[in-house]
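Reader: I'd like to learn how to read charge pairs and cysteines in a model like this one. Can you walk me through it?

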Amino acid sequence: MTMNERKMIDLEQGWEFMQKGITKLKNILEGLPEPQFSSEDYMMLYTTIYNMCTQKPPHDYSQQLYDKYREAFEDYITSMVLPSLREKHDEFMLRELVKRWTNHKVMVRWLSRFFHYLDRYFIARRSLSPLNEVGLTCFRNLVYLELNGKVRDAVISLIDQEREGEQIDRALLKNILDIFVEIGMGQMDYYENDFEDAMLKDTAAYYSRKASNWILEDSCPDYMLKAEECLKREKERVSHYLHSSSEPKLLEKVQNELLSVYGNQLLEKEHSGCHALLRDDKVNDLSRMFRLFSKIPRGLEPVSSIFKQHVTGEGTALVKQAEDAASNKKAEKKDVVGLQEQVFVRKVIELHDKYLAYVSDCFQNHTLFHKALKEAFEIFCNKGVSGSSSAELLATFCDNILKKGGSEKLSDEAIEETLEKVVKVLAYISDKDLFAEFYRKKLARRLLFDKSANDDHERSILTKLKQQCGGQFTSKMEGMVSLFISSYGS
Amino acid sequence: MRKEDTVKLISAEGFEFVISKEAAMVSQTIRNMLTSPGSFAEAQHGEVTFPEISTTILEKICQYFHWSLQYASGKETEFPIEPELTLELMMAANYLHT
């Protein structure tokens, strides 16, 4: 019975044997020429620990071995690891740290396997930390606590260098930041407190400096291009070496410094700001503006407000144009005056088309911009031209399209399209009832004097009006049309 | 069975038992040793000496490994243990973390 015959191992003796194994491990890690562990070595080391823990008290050395395990790490770290780290700086220090951390993890793995028997019963009995935690904690308390400030500064300095366009060793940074994460043993506290906070502060300061220069030197489109580029690069930075949890915080800082702080200045730049872009139809720049400003809180409100001002301005200019043209034609010929107003209505429709396209293309159909467009049109659509209300103008316009020999000569398709657009513009007119009155009168004349060019179009516009304004609006008109057309046809 | 899939367990008296790695790894201790990172010369050869475990016990243990694998795959059988062996077997089991 071999198990019972074994000799009592004295603590000193046993530890001397273990120490040999530990030294061998250290040599291997330091890269010294040392043969690898054989399975016999392994078993002997494991067995020694096992025996020392299962001997009868007072020779049960579990507590002492647990302490000596920790001491083994502390010795190694203070005698070899810390000195080698203290004598290096910047990037060299970072590389050394990565190497030492990797070594440390290997050492923990091996030693905790040798001492594994302690993990099985002793630590549970005394509610102590398991072996691998002890190992990592040693590194944390001795190395990390002392160096993390220096490390952080070195990393941030490298990041700023990369921002200025220099090439840096990204893998190195990834390894270093992994240490911050791993040292937390499941918690992100160390990464966040010892690195991320400072990194975010530095990022904000960096972009604040850049922005204050760019806002003075660059035009709005150029500034926006730079901003977009920066955001893209920072996002890439996260994927290359930062921890993914940093992404939203980082982007938020950059957006804040580049867009929120200087937002208004940017939009109101005299020759290249939002107004100018709208005036010059710079759709790409406007799309970019939308993309950027939609990311910051309340970012789109000023943009939509400028959009509304612009559209109102354009519309009001059309009204004025029509007024001027009308007042110039002092002739009493109603037709000629009417022509100017027809032109006005057509131009209003074109304006609507143009800016509706802006809302859907540049501004991705955002509700703020739909609202801005609507409000703008409501403002100038209700201004009359030379005495005629917009309701009347619109009705006259329809009349011209629908009657025979009307001033508008269009294909069937084009007519349909135009009627559709007229109905849309009608939505902005406040006194729709007035429109209904004028329309009905003109419809009656068309029907009575057989001047209606096309029955289908007549019906079609009524359907559209019904959809837009409800059945009440169109009931009389529909009645008239059915009366005349059905009876005439038969 | 291929050589790479086996390990050799050697008792105190020098008896050699060759069993599959899968069986041997029922023991946590053996598993740890075989899966230690990198630097194991003998991991390829797969020989482990147990100077403290007698041949009879080691034989019983190997039987246990195989029984354990069978039990895990669902075939329920009883594992016979002679009473004289019990104490030693338990100590060995503790040592091997089985």
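**Charges and cysteines**

Author: Let's start inside. A:E234 and A:R163 are both buried. Keep in mind that this is a predicted model.

Reader: What does A:E234 form with A:R163?

Author: The general idea first: side chains of opposite charge can pair when their charged atoms come close. Here A:E234 and A:R163 make a salt bridge, with 2.8 Å between the closest N and O atoms. This pair ties together distant parts of the chain, since A:E234 belongs to helix α9 (residues 220-240) of chain A and A:R163 to helix α6 (residues 131-163) of chain A, 71 residues apart.

Reader: Which residues are linked in a network of salt bridges?

Author: A:E234 and A:R163 are joined there by A:D160, A:E162, A:R170, A:D202 and A:R237. Over all chains, the search finds 44 salt bridges.

Reader: How many residues apart are A:K174 and A:D178 in helix α7 of chain A?

Author: They're 4 residues apart, which means about one helical turn separates them. Their salt bridge has its closest N and O atoms 3.6 Å apart. A:K174 is partly exposed at 34% relative accessibility, and A:D178 is partly exposed too, at 28%.

You can read A:E375 and A:K371 in a similar way: they sit 4 residues apart in helix α16 (residues 367-381) of chain A, about one turn. Their closest N and O atoms are 3.4 Å apart in a salt bridge. A:E375 has a relative accessible area of 24%, while A:K371 has 48%, and each counts as partly exposed.

Reader: Where do like charges gather on the surface?

Author: Look at A:D412, A:E413, A:D455 and A:D456, which form a patch of negative charge. Helices α18 (412-426) and α20 (455-469) of chain A each contribute at least two of its residues. A:D456, in helix α20, is exposed, with a relative accessible area of 57%.

Reader: Now the cysteines. How many disulfides does a search of the whole structure find?

Author: It finds 0 over all chains. The idea is to check sulfur-to-sulfur distances against a cut-off of 2.5 Å. The sulfur of A:C220 has its closest cysteine sulfur in A:C274, 7.5 Å away, so that pair is too far apart for a bond. For A:C469, the closest cysteine sulfur is in A:C398 at 11 Å, again too far.

Reader: Are those two buried or exposed?

Author: A:C220 is buried, at 0% relative accessible area, whereas A:C469 is partly exposed, at 25%.

Note on methods:
Residues are numbered from 1 along each chain as its sequence is written. Chains are lettered from A and ligands numbered from 1 in the order in which they are written. This is a predicted model: local features need pLDDT of at least 70, side-chain atom pairs count only at pLDDT 80 or more; totals for chains, interfaces and linings use all residues. Side-chain values use heavy atoms; hydrogens and water are left out. Patches are made of residues with over 30% relative accessible area and no salt bridge: like charges are joined within 9 Å, nonpolar side chains (Val, Leu, Ile, Met, Phe, Trp, Tyr) within 5 Å. Accessible areas come from the Shrake-Rupley method with a 1.4 Å probe; for residues, only the protein chains shown count as cover. A salt bridge is a side-chain nitrogen of Lys or Arg within 4 Å of a carboxyl oxygen of Asp or Glu. Lys and Arg count as positive and Asp and Glu as negative; His and the chain ends are not counted. The place of a charge is taken as NZ of Lys, CZ of Arg, CG of Asp or CD of Glu. Buried means under 20% relative accessible area, exposed over 50%, partly exposed in between (1.4 Å probe, protein chains only).
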